[in-house]
Structure formats: structure tokens, C-alpha cells
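Student: I should like to learn how to read the features of a two-domain model in a systematic way. May we work through one example together?

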Amino acid sequence: MTYQQVMTQECVVGIDIGGTKIAAGIVDRQGQVLASSRSPMVARGSSDDGLAAVELAIKSVLTQKTSSHEIQGIGICSPGPLDPKTGVVINPPNLPCWRNFPLAESIRNSYRVPVKVENDANAAALAEVKWGAARGYRNVFYLCIGTGIGTGIVFDGVIYHGRTGAAGEGGHMGIDVNGPPCPCGKRGCIEVLASGPAIARRARQKVEAGSPSKLADLACGNPAAITSEMVGAACTDGDPVARSVVSETLDLLAYWLGNIIDLLEPDVIVMGGGVSSMLAPYLDEMRQRWNGACVNPWPDKIPVLLARYGEDAGVAGAAALLA
Ligand SMILES: [Zn+2]
């Protein structure tokens with residue numbers, strides 16, 4: 001290692017803005033999160049209050065910067081809709097502080113480094129391509145399954161944005177026109193059918209209907225307290241209600257991913273998010289359900305891999321925009 005390499009390490013700041021919190025990190029060129037911090041987001045004040053909260057998050061993570069870290073840029077994940085080309089945040093429902101707000105330009109004016117803004121699932125997909133489970137694959141479909149289902153599409157190392165940046169909303173792909181309403185305004189989106197809260201809701205309904213299950217004990221007799229994690233644990237223990245909920249979830253996800261395969265035929269599918277670890281033991285079972293769920297004759301050739309990044313997917317994704 002030369003003297004110069006010892007002196008400086010090129011890094012990027014990654015910022016992940018949520019409705020109530022901001023996660024910030026310093027990320028190196030290999031995708032390692034070297035330092036991180038969390039601070040509150042001020043989503044319901046003025047646009048300047050929102051901006052000040054982001055600047056505070058940047059400042060707080062930069063206090064952990066060592067003299068060898070050379071910051072090359074700032075990447076930001078923000079709730080959408082947003083314009084990734086201009087870095088303008090349009091009108092996110094959970095960030096009423098910003099309406100057509102030039103977030104990238106505002107941060108660039110303060111820090112004088114390149115700044116990019118992207119939606120969280122697109123950015124997390126890019127981090128998996130650059131540094132994670134999708135490294136070496138050309139056409140990648142990423143899904144993040146947690147309180148919602150976010151997705152990102154990356155072709156040849158580039159996020160697929162569509163005409164205006166609004167593409168890649170696979171979580172709001174409907175699979176049942178008569179299905180339950182989704183907060184997005186549509187019906188039967190995969191998000192409202194198979195996300196963490198949907199898994200918990202289905203289990204709760206079965207327990208409330210009187211099906212005997214360990215889930216009642218795990219939730220201390222209060223079915224409203226059942227979570228998707230409890231469903232995973234009870235399923236591992238052979239609980240029939242949890243097993244049927246997992247089985248239904250695998251049916252839904254397989255049917256949806258069958259559509260994705262027919263549309264994109266990706267080289268790999270990467271699954272992240274809090275619910276992915278609960279589903280991890282059943283991925284082969286899900287793949288078997290692709291028989292009859294897609295017209296593609298080779299779905300078995302498409303690997304389904306677990307994401308490298310968990311909680312820090314947004315920070316790593318934001319950093320990947322500039323790395
Ligand atoms: Zn929806």
C-alpha cells in the first residue's frame with residue numbers, strides 16, 4: 001500500500017430519509033458502512049425545517065469522519081414520488097414538508113459535492129448490484145419485503161426509471177382486481193396481500209375465527225398483537241395456522257414473481273427487507289410454485305438470493321448512487 005492510499009480513503013455519505021427518522025452513514029468504495037448515525041426527520045414543518053433535519057443528519061455522521069476519509073459525494077434516499085434526474089422531491093404523502101422541493105440542489109449548495117436523490121428500493125437494488133448479492137448479474141429484480149413491498153429494476157448496472165422516474169413500483173402491481181384496497185388507491189396490490197402487516201393480519205383473522213394455534217400464546221392471548229415474526233416462529237414449530245399463512249404467502253409471492261419473470265426474465269431475484277429472513281427457509285418451496293405461475297420455460301434457472309444489506313439498505317443504497 002502506498003503512502004497516498006494510507007492517507008486517504010474515498011467515501012460517500014449515504015442518507016436514508018423516512019417519515020420520522022433519518023439514517024446516515026459513511027460508506028467506502030467496497031460498500032462497507034464505516035460509521036452511522038440516526039436522527040429525527042421533521043416531516044410536518046416547513047420545507048426549511050425538513051432540509052435542516054437532513055443537514056443535521058449529515059453533520060452528525062460527519063463528526064465520525066476520520067482525517068483519512070475523503071467524502072466524494074452525498075447520496076440520498078427519500079420517499080417518492082421524486083425526479084431522480086433533477087433531485088426534486090415531488091409530493092410524498094409522508095413528507096408534507098416538501099412539495100416540488102429541490103433537495104439535491106439544496107444539499108449541493110451547502111456541501112459543494114455531487115448529490116443524487118433516489119427512491120429507497122431503487123437505491124437498495126443498486127447497492128446489491130454494486131456490492132451485494134446481485135454482483136456480477138446483468139438484469140436484476142430486487143424486492144424489499146417489510147411493512148410494505150418496494151422493488152427496483154437494474155439493467156446493466158443502471159436503475160430502470162421509466163419515462164419520468166416513476167417505474168419500478170412492483171409492490172403496487174395488482175394480482176387481484178377484487179382484492180383488498182391498498183393505501184395507494186388500487187386494489188389487490190401484492191404489498192397489501194403479502195407484506196409483513198398482511199401476513200400478520202391473515203394470521204390474526206384465523207386465530208380470531210377460532211383456529212387453535214400457538215400464535216395465541218405467542219401474542220399473550222391478544223390476536224391483535226400477532227406479528228409476521230411470530231408467524232415465522234410458529235411455522236418453524238409446526239403450527240398449522242402459521243403454516244397455512246406461510247403457504248398462502250408463498251402462493252401470492254410466487255404468482256406475482258411469475259408475472260415479473262414473464263415481464264423481465266431477470267438473471268437474478270434478490271430479496272431484502274425485514275420479512276425476508278422469515279421467508280428464507282421457504283424460498284425453494286416458493287420457486288416450486290412457479291410451475292403454472294409463469295409461461296417462461298426456465299424459471300428454475302433464476303436464483304432467488306437474500307440481500308446483503310438489511311437495516312442499512314437505504315444508507316448503502318444512497319451511497320451506491322455516487323460510488
Ligand atoms: Zn398499492
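Student: How much area do domain 1 and domain 2 bury between them?

Tutor: Please keep in mind that this is a predicted model. As a general idea, the size of an interface is often expressed as the accessible area that is lost when the parts come together. Here, domain 1 and domain 2 bury about 900 Å² between them, and 58% of that area lies on carbon and sulfur atoms.

Student: Which three residues supply 45% of the area that domain 1 buries against domain 2?

Tutor: They are Asn-122, Ala-125 and Leu-126, and no other three residues of domain 1 supply more.

Student: Which residue ranges does the domain assignment give for the two domains?

Tutor: According to the domain assignment, domain 1 consists of 3–126 + 313–320, and domain 2 of 135–306. The contact between them draws on 13 residues from domain 1 and 13 residues from domain 2. The C-alpha centres of the two domains are 28 Å apart.

Student: How many salt bridges and how many residue pairs in polar contact are there between domain 1 and domain 2?

Tutor: The count of salt bridges between the domains is zero. For polar contacts, the count is one residue pair, with both residues at pLDDT 80 or more.

Student: Which elements each supply at least two residues of the side of domain 1 that touches domain 2?

Tutor: Strand S5 (82–83) and helix H4 (120–131) each do so. H4 gives the largest share of that side, namely six residues. Sorted by class, the side of domain 1 that touches domain 2 has eight nonpolar, two polar and three charged residues.

Student: Let us turn to the backbone. Which residues does a cis peptide bond join?

Tutor: To read this feature, one looks at omega. The cis peptide bond joins Gly-80 and Pro-81, with omega at about 0 degrees. Pro-81 is placed in the loop between strand S4 (69–77) and S5.

Student: Which residue in the loop between strand S10 (149–155) and strand S11 (158–159) should I examine for its phi?

Tutor: That residue is Asp-156. Asp-156 has a positive phi of about 50 degrees, although it is not a glycine. A second such case is Cys-220, whose phi is positive at about 55 degrees and which is not a glycine either. Cys-220 sits in the loop between helix H7 (214–218) and helix H8 (228–236).

Student: Is Cys-220 buried or exposed?

Tutor: Cys-220 is exposed, because its relative accessible area of 70% is over the 50% cut-off. Asp-156, by contrast, is classed as partly exposed, because its relative accessible area is 49%.

Student: How should I read the salt bridges, and how many does the structure hold?

Tutor: In general, side chains of opposite charge can pair when their charged atoms come close. This structure holds seven salt bridges. One of them brings us back to Asp-156, whose side chain meets that of Arg-138 at 2.7 Å, N to O. This pair links distant parts of the chain, 18 residues apart: Asp-156 is in the loop between S10 and S11, and Arg-138 is in the loop between H4 and strand S9 (139–145). Arg-138 counts as exposed, at 52% relative accessibility.

Student: With which residue does Arg-29 form a salt bridge?

Tutor: Its partner is Glu-10, and the closest N and O atoms of the pair are 3.2 Å apart. Arg-29 lies in the loop between strand S2 (21–28) and strand S3 (33–40), while Glu-10 belongs to strand S1 (residues 9–17), 19 residues apart. Arg-29 is partly exposed at a relative accessible area of 31%, and Glu-10 is partly exposed at 37%.

Student: Which residues are joined into one network by salt bridges that share partners?

Tutor: Let us begin with a single pair. Glu-285 forms a salt bridge with Arg-243, and their closest N and O atoms are 2.4 Å apart. Glu-285 is in helix H11 (residues 283–288) and Arg-243 in helix H9 (residues 240–264), so that this pair links parts of the chain 42 residues apart. Glu-285 is partly exposed, with a relative accessible area of 23%, as is Arg-243, with 29%. Through shared partners, salt bridges join Arg-243, Asp-251, Glu-285 and Arg-289 into one network.

Key:
Residues numbered from 1 in each chain as written. Heavy atoms only, no water. Domains from an automatic or database assignment. Contact = heavy atoms within 4.5 Å. Buried area = accessible area lost by both parts, 1.4 Å probe. Salt bridge = Lys/Arg side-chain N within 4 Å of Asp/Glu carboxyl O. Polar contact = N/O pair within 3.5 Å; in protein donor to acceptor, adjacent residues only side chain to side chain. Helix = DSSP H or I, 4+ residues; strand = E, 2+ residues; numbered from the N terminus. Nonpolar A, V, L, I, M, F, W, Y, C, P; charged D, E, K, R; others polar. Buried < 20%, exposed > 50% of the residue type's maximum accessible area, 1.4 Å probe, protein only.
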